[in-house]
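These are my notebook entries from a session with one protein chain. I went from the whole chain to single residues and wrote down what I looked up at each step.

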Amino acid sequence: MRERIWAPLLLLLLPLLLLPPPLWGGPPDSPRRELELEPGPLQPFDLLYASGAAAYYSGDYERAVRDLEAALRSHRRLREIRTRCARHCAARHPLPPPPPGEGPGAELPLFRSLLGRARCYRSCETQRLGGPASRHRVSEDVRSDFQRRVPYNYLQRAYIKLNQLEKAVEAAHTFFVANPEHMEMQQNIENYRATAGVEALQLVDREAKPHMESYNAGVKHYEADDFEMAIRHFEQALREYFIEDIECRTLCEGPQRFEEYEYLGYKAGLYEAIADHYMQVLVCQHECVRELATRPGRLSPIENFLPLHYDYLQFAYYRVGEYVKALECAKAYLLCHPDDEDVLDNVDYYESLLDDSTDPASIEAREDLTMFVKRHKLESELIKSAAEGLGFSYTEPNYWIRYGGRQDENRVPSGVNVEGAEVHGFSMGKKLSPKIDRDLREGGPLLYENITFVYNSEQLNGTQRVLLDNVLSEEQCRELHSVASGIMLVGDGYRGKTSPHTPNEKFEGATVLKALKSGYEGRVPLKSARLFYDISEKARRIVESYFMLNSTLYFSYTHMVCRTALSGQQDRRNDLSHPIHADNCLLDPEANECWKEPPAYTFRDYSALLYMNDDFEGGEFIFTEMDAKTVTASIKPKCGRMISFSSGGENPHGVKAVTKGKRCAVALWFTLDPLYRELERIQADEVIAILDQEQQGKHELNINPKDEL
């Protein structure tokens, strides 16, 4: 019975396949057009990437840069070859129109064209790649790394080792744009700028999407009332958008994964195989609307992105006196929002401004969006029909969703600020904080003598929690306090904010590298500065051992912090010193969920707080349920006490108000991913290695360190 579905389905998709070539991306490539590519066979980018990463870890930074840059070039070139070959072959082998009447062999002309296009595509790829396309199939992990721009993380570190600061800043910024939650990378960029002595060092995103850059420029000119420049940039953005759309759709035509069965065991018939594969391709292509509206590192798209171009343009054209173009753009916008009363009013107004010789009815919506929406609707109908007939689940997202926005005096309803125009309500746009994907174990050895076990997870009413005492001695607490008073800066580590969590307290902080530098400069005793480094390493080893982790735990961020109650601002306080939050996901108390997406520090796996004193009032550390209200455990800080826990939504926590005195602690965040290692920690490791080497030399020469004072 099922096979009866496939032939009608193939006929159903014919109108979509036979849409004319898109006009918005420029004319299709000529069959004889040569692809302007570098000579020689293309090296697989995954092999170059692996070689570059291996060179980085072996300390061969020149080879690391060479291979990583080659990997990025190979990745870009591969995308370009696939896109151009697809357009080249589509032009050479257009699909024939359906025959006027069905009969024996009616489908053969279609299949002849499909076979010709497949042969052309394989030949084009083999010629341009210099070998079989199978050499360039990569794992999902590598694909994910390039999507997350991980190679640029390696590059920025390698360039720093080679003292190429500008290239390091470029690579760091390119990585940070797609990983805005990576606080350490933001610190790196600021450190590089400070090192260069140039605050306004040019920040270049090497992977910037032209259509998004042009759109942002158009918004800025529009908001500055520079309408001619706004028109120029929005029109450029549309041209670039439709070119990007072609590339996105072409890349969807690659191999597909069939989740319900293994490919080698796939026994489907001809039409079933065509339908299965084509539906996956078509859903991917349909999602390009969302893909092109999503900024790097974000899960949610800019709302109403494509229609917004026409919304801005309709008023910009009106302001420069081009009423016909304003009317075309307004009518184009109505293709996506036919019931928008404000734009309907604008259409009536623009029509009233036309010359008597111009018939308003003859002015139609712009052809570029007309063709685009026509195809989009056909795709939607086909996917829904296939979902019904083939029994798979599909819910059509609202790609043109709008949530208010400002309404200016000219009733352009969607002139919203580009930075604030993200939709966080899509069910597809949020990602639940996943369950911990490792064995939940605890109770491993504490490694050091005198450390006292206090409570485990069960006693603290939670998961992956431990409370320990005597991690520091009284003498070490006093020494750390002395270091803190000499090196801390107000708001340090939080982008200059003096009170990042509450205005009723003064917040001060310092990093481990800052402490060591201060020791070298003589502002604090070097021995005391090193203590900060040593006790943080001690804490890392305890956490790794107690939770019985089967892989190395790395530092993600190390921060000595003090919170001081401000006099005159403590009466009737009802705020927290640090609001309830989770360390690697966005806590949503109303939904009772935690979303693992930016700007949360999604790479963090474990956290620890090592307390230095108890001579203050308030400041208790608390765990809560996900509702951010129900307290499950409360811990009073004291010298040498350490609380450690896994960083996800299973452990929401905060700090009660510090109402008197100063509360100090060493805050530690850890990751199991070596790519998110704290750069300052790596630099601190190098400083310690130099110190140890110097100390060893002094011992060998029998030099009393006091003699050098």
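**Entry 1: the chain as a whole**

I began with burial, and found that buried residues make up 50% of the 709 residues in the protein chain. I note here that the model is a predicted one, and I keep that in mind for each entry below. For the secondary structure I recorded 20 helices and 16 strands in the protein chain. The accessible surface of the chain comes to about 35,100 Å², and carbon and sulfur atoms hold 50% of that surface. I then turned to contacts with a separation of 6 or more, and 76% of these in the protein chain are between residues 24 or more positions apart.

**Entry 2: helix 19 and what follows**

I asked myself how the end-to-end distance of helix 19 agrees with what its residues should span. Helix 19 covers residues 526-546, and its 21 residues should span 30 Å at 1.5 Å a residue; the end C-alpha atoms are 30 Å apart, so the two values agree. Within this helix I looked up Glu544 and Arg540, whose side chains meet in a salt bridge with an N to O distance of 3.2 Å. The two residues are four apart in helix 19, and therefore about one helical turn separates them. Glu544 counts as partly exposed because its relative accessibility is 22%, whereas Arg540, with a relative accessible area of 12%, is buried. Elsewhere I noted a network in which Asp60, Arg63, Arg66 and Asp67 are joined by salt bridges that share partners. Returning to helix 19, I found that Met548, just after the helix, takes a positive phi of about 55 degrees.

**Entry 3: salt bridges between elements**

Side chains of opposite charge can pair when their charged atoms come close. I counted 27 salt bridges by the rule of a side-chain nitrogen of Lys or Arg within 4 Å of a carboxyl oxygen of Asp or Glu. One of them joins the side chains of Glu351 and Lys331, at 3.8 Å from N to O. This pair links distant parts of the chain, with Glu351 in helix 15 (residues 341-352) and Lys331 in helix 14 (residues 323-336), 20 residues apart. I recorded Glu351 as partly exposed at a relative accessible area of 24%, while Lys331 counts as buried at 19% relative accessibility.

I next looked up Glu508 and Lys662, whose side chains also meet in a salt bridge, at 3.8 Å from N to O. Glu508 belongs to strand 4 (residues 505-511) and Lys662 to strand 16 (residues 662-671), so this pair ties together parts that are 154 residues apart in sequence. Glu508 is buried, with a relative accessible area of 11%, but Lys662 counts as partly exposed at 33%.

**Entry 4: loop residues**

Is Asn304 buried or exposed? Asn304 lies in the loop between helix 12 (288-292) and helix 13 (305-319), and its relative accessible area is 2%, so I entered Asn304 as buried. Its phi is near 60 degrees, a positive value in a residue other than glycine. Asn163 also has a positive phi near 60 degrees and sits in the loop between helix 6 (150-161) and helix 7 (165-178), but Asn163 counts as exposed because its relative accessibility is 71%.

In the loop between strand 8 (593-595) and strand 9 (606-611) I looked up Asp605, which is buried with a relative accessible area of 14%. A polar atom of the Asp605 side chain lies 2.7 Å from the backbone nitrogen of Leu672.

Pro132 is in the loop between helix 4 (108-129) and helix 5 (140-147), where I recorded a relative accessible area of 43%, which means partly exposed. Along the chain Pro132 and Pro41 are 91 residues apart, and their C-alpha atoms are separated by 9.9 Å.

**Entry 5: a nonpolar surface patch**

Which residues make the nonpolar surface patch of about 260 Å²? I found Tyr520, Leu526 and Ile690 there. Ile690 lies in helix 20 (residues 679-700), and I entered Ile690 as partly exposed because its relative accessible area is 42%.

Note on methods:
Residues numbered from 1 in each chain as written. Predicted model: local features only at pLDDT ≥ 70, side-chain atom pairs only at ≥ 80, totals over all residues. Heavy atoms only, no water. Patch = residues over 30% accessible without salt bridge, like charges linked within 9 Å, V, L, I, M, F, W, Y side chains within 5 Å. Areas by Shrake-Rupley, 256 points an atom, 1.4 Å probe, with all protein chains shown as cover. Buried < 20%, exposed > 50% of the residue type's maximum accessible area, 1.4 Å probe, protein only. Expected span 1.5 Å × (residues − 1). Contact = heavy atoms within 4.5 Å. Polar contact = N/O pair within 3.5 Å; in protein donor to acceptor, adjacent residues only side chain to side chain.
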